[in-house]
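Please look at the sequence and the three-dimensional structure together, and keep both in view while reading the paragraphs that follow.

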Amino acid sequence: MACCNHCLLPLGQAGPDFPKHWQVTFLSTLPQDTQCSSHSTGPIRATGAFAQSSLQPFFAALHKGLRSLVRHSLTEVVDSEAQPLDQGLDFLAENDDTLTLDPLDIPTGRLEAPSVMWLLKTSTDPEVFLAAARLVPQVEWPLDLDVSDMLHQLFDIFTSCVDIQKRIVPSLEEKASACTMALTHLYYGCILQAHPVRDTFPVCGMDLDVFEMIYWAGMRRTEHTVLDTTINLFFSNAIGSAWDSSLSEACPDSIPEQLSHLLPYHFVTGRVTKDIETLAITVISKLLSSPASPSNQIVANCTLLACVMVGTRVDKKDIVRIDKSSALPRLRESLSAQFQKALWAWDGGELDKYSTGIACRALSLLDIICRILELAEHSYDPPSSPFHTMRNLDACRKIYLRTRSSEHNHPSVSLGALRKALHFTFATATISWDHDRVWATQSWSERVSHSPEDFDWMVDYLDFIYSNDHEAAYDILLLLDIMGVWCSPAKQHLFIERLISCMDSNMPTYLRHAALRAAHGAREEIASIHTIDDARLRDIVLTKLSPTILSVLCPHPGTTLANDDPGPFFGRDKCYVELIFALARNSDWHPHLFGDRHIDWCISMLPEYYDSGYSAQIFYIAGILLQIAPEQTSVTSLSSVTEQQWWDLMSSAWNWIPDDFYNTRLLALVDGTKKYMQIASKSDLERFVWNVNRFLERLEDMGLEMQGLEQGEGITVAVKELRTTASNMLESFDQQLLVP
């Protein structure tokens with residue numbers, strides 16, 4: 001009888017290699033909630049929860065007390081921080097009966113595997129053996145740890161669970177299951193360890209016979225998939241398989257998680273059948289599409305599996321590691337680089353005619369790879385986005401041109417591949433594909449240095465699919481804005497027409513928002529309406545595009561925004577006012593900005609942003625009104641603005657000045673502030689002077705950069721003069737207080 005449910009040795013009884021005078025009290029090393037009361041009796045139930053909450057902390061503590069019992073051959077696999085295993089037992093001198101272990105001071109790492117091995121080899125308690133066997137798939141087994149004896153032992157114990165008809169005895173099903181899963185896990189490690197010198201690692205005679213015998217002995221249905229997969233190790237490089245491997249929808253999550261760890265062994269050792277390839281795709285898809293966000297460990301498992309599927313070289317240590325999350329940044333980068341090679345080399349032809357199997361597999365894994373890249377986004381620092389994105393887009397162009405060619409028999413197939421390739425372009429450039437984050441994605445600080453003609457195919461593609469493939473249209477429009485590109489004159493008319501079409505109220509909200517972003521990306525070109533030679537195009541821009549832009553934010557009279565529009569959008573509004581600010585620099589646009597209610601809408605936005613703390617919108621609205629007010633003072637919407645409202649607008653604009661302020665006509669803001677500053681209160685002036693000082697510090701930090709600007713010196717002088725004026729007004733307030 002054990003002393004309590006958590007003791008691993010019966011009272012008064014030691015294992016075959018465990019001296020009696022080393023009786024150990026382990027309760028102090030277990031979690032408080034797992035300790036038993038003094039009257040607890042009976043055998044333990046070796047469940048997974050017990051194994052994780054009790055046995056694993058015990059293993060850490062056990063190592064220190066049992067170092068001399070572990071075979072000398074194990075010393076080469078323990079942590080470098082661990083003390084030598086051949087240390088004597090002098091530390092027991094003070095107490096021959098009880099050993100107090102403190103697991104917090106003991107480095108574990110690779111010590112778990114030797115501890116589990118020792119328990120499996122020496123335990124005479126069947127419940128302890130069962131718990132230890134269940135821990136085998138949860139422990140990292142170093143490749144330099146010899147487990148050949150364990151393979152034989154586990155198989156022998158499994159056979160003891162089988163009756164004369166070679167069927168598992170029902171009462172021994174738990175034990176047979178634990179032995180099978182442990183044997184399978186260890187066997188995969190042996191296969192990897194022996195590769196490429198040996199093809200098999202005999203357990204007992206022929207390996208295939210062993211696993212087939214286990215399979216037909218009546219294992220649980222949920223465990224058949226793991227056994228099917230293992231048996232396929234012996235059908236490598238076959239077109240078909242004598243052993244079907246599939247994943248049922250009803251299988252528990254633990255099965256695909258276990259397979260995500262085992263399947264890489266197949267691809268690394270070249271033991272891949274069509275069934276295994278299909279199973280790997282299914283496993284990754286199931287794990288990454290879980291309603292709950294997958295853990296980093298699951299993402300890392302899937303990333304490594306995808307890496308080996310597309311021929312990426314990986315470290316064997318990463319394969320055997322149970323928790324691969326620490327390797328996730330490196331694995332993600334390798335996966336992205338490997339797939340880009342395949343994509344860049346593809347000419348857009350049929351995948352089944354592609355020259356190499358690995359390249360074909362890589363291209364067929366587009367969806368999975370993109371999902372992995374998105375999930376691992378925060379662990380990855382992408383390479384130079386413009387260069388790689390242009391290479392990716394060039395591959396997309398090849399696919400598109402081949403799709404539209406007369407020789408292509410199945411354009412829908414290639415259009416699907418093109419959509420996935422665009423998705424991959426998003427993922428590698430760390431551009432979110434999430435529609436809810438459309439405003440969070442920043443445009444590149446530097447425009448792509450390519451000819452506008454290089455992007456004409458994207459306009460053609462947009463025209464080809466915008467009405468029935470809204471997702472692909474979204475991708476194109478968002479990319480054009482982020483890269484800050486503009487098409488050639490030959491395609492400008494078509495591009496403007498499609499912008500208007502995608503902003504239509506019948507389109508999904510996310511597509512309308514992407515179209516607004518694309519107009520924002522082309523704002524400088526759209527603002528230069530006077531340079532457009534095509535009179536018809538000028539008319540479309542001024543009479544159709546202008547009112548359509550506002551419809552994305554403000555519904556027409558008698559209509560409402562779509563129900564899925566979550567508004568208000570601070571990012572959307574910032575995009576909008578930056579666009580209108582650019583248009584306002586051209587006087588040809590002014591009548592249309594008033595007539596199409598853009599100015600009214602900008603003024604109506606001010607109260608919300610005064611209260612919200614979002615100052616960027618206020619800065620641009622101030623700039624819009626300052627550029628238009630001198631020539632439009634008779635317009636009702638402007639004439640109704642009071643001096644106090646003008647001062648509130650001017651002073652608030654100084655809360656946030658954009659980085660490219662030298663392109664924003666900042667001198668107009670200086671003049672406008674001086675004009676309305678006379679009505680400011682003392683507290684307003686104090687806050688205003690603080691903001692101006694902060695901006696002047698930015699100018700000083702820019703130093704030589706400011707000297708290279710045409711207006712640099714003039715801006716600095718003007719802002720300092722403005723500060724002096726405000727400071728003098730503050731002094732006058734103080735002097736008035738001193739007058740008796």
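**Helices, core and loops**

In this predicted model, helix H19 (residues 489–502) and helix H20 (residues 509–521) pack against each other at an angle of about 145°, and their axes lie 8 Å apart. The crossing of this pair, H19 and H20, is left-handed. On the side of H19 the contact is made by Phe495, Leu499 and Cys502, and these residues meet Leu511, Arg512, Ala515, Ala518 and Ala519 in H20. Sorted by character, the residues of the contact of H19 with H20 comprise seven nonpolar ones, no polar ones and one charged one.

A second pair of helices can be read in the same manner. Helix H10 (residues 296–309) and H12 pack at an angle of about 35°, with a distance of 9 Å between their axes, and the crossing of H10 and H12 is left-handed. From H10, the residues Asn296, Val299, Ala300, Thr303, Leu304, Ala306 and Cys307 take part in the contact, while H12 supplies Leu328, Leu331, Arg332 and Leu335. The residues of the contact of H10 with H12 divide into eight nonpolar, two polar and one charged.

Helix H12 (residues 328–345) deserves a look by itself: it has 18 residues, and the span from its first C-alpha to its last is 26 Å, which is close to the 26 Å expected at 1.5 Å a residue. Which residues of H12 are buried? They are Leu328, Leu331, Arg332, Leu335, Ser336, Phe339, Gln340, Ala342, Leu343 and Trp344.

Now step back to the chain as a whole, in which there are 32 helices and zero strands. Of its 740 residues, 51% count as buried. Among the contacts in the chain with a separation of 6 or more, 75% come from residues that are 24 or more positions apart.

The interior can be followed through the largest nonpolar core, which has 215 residues, and of these Trp141, Tyr461, Leu477, Phe495, Ile496, Trp646 and Trp654 touch the most other members. The largest share of this core, twelve residues, is contributed by helix H5 (residues 173–194). What is Trp141 in contact with, leaving aside its neighbours within four places in sequence? Its partners are Ala113, Val116, Met117, Val136, Val147, Met150, His185, Leu186 and Val320.

Another residue to find is Phe695, which belongs to helix H30 (residues 682–702). Phe695 counts as buried because its relative accessibility is 3%, and buried means under 20%. Although Phe695 and Thr716 are 21 residues apart in sequence, the distance between their C-alpha atoms is 9.7 Å.

Finally, the loops hold two residues with a backbone angle worth noticing. Most residues other than glycine have a negative phi. Lys166, however, has a positive phi of about 60° although it is not a glycine, and this residue is found in the loop between helix H4 (148–159) and H5. Is Lys166 buried or exposed? Lys166 is exposed, because its relative accessible area is 55% and the term applies to values over 50%. Arg597 likewise is a residue other than glycine with a positive phi, here near 70°, and Arg597 lies in the loop between helix H24 (590–595) and helix H25 (598–612). With a relative accessible area of 35%, Arg597 is partly exposed.

Terms used. Residues are numbered from 1 along each chain as its sequence is written. This is a predicted model: local features need pLDDT of at least 70, side-chain atom pairs count only at pLDDT 80 or more; totals for chains, interfaces and linings use all residues. Side-chain values use heavy atoms; hydrogens and water are left out. Axes are lines fitted to C-alpha atoms, for helices over the stretch in contact, and angles run from 0 to 180 degrees between N-to-C directions. Helices (H or I, at least four residues) and strands (E, at least two) are DSSP runs, numbered from the N terminus. A crossing is left-handed if the near helix is turned anticlockwise from the far one by less than a right angle, and right-handed if clockwise. Contact means heavy atoms within 4.5 Å. Ala, Val, Leu, Ile, Met, Phe, Trp, Tyr, Cys and Pro count as nonpolar, Asp, Glu, Lys and Arg as charged, and the others, Gly among them, as polar. The expected span of a helix is 1.5 Å times one less than its number of residues. Buried means under 20% relative accessible area, exposed over 50%, partly exposed in between (1.4 Å probe, protein chains only). A nonpolar core is a set of buried Ala, Val, Leu, Ile, Met, Phe, Trp, Tyr and Cys residues joined through side-chain atoms within 4.5 Å.
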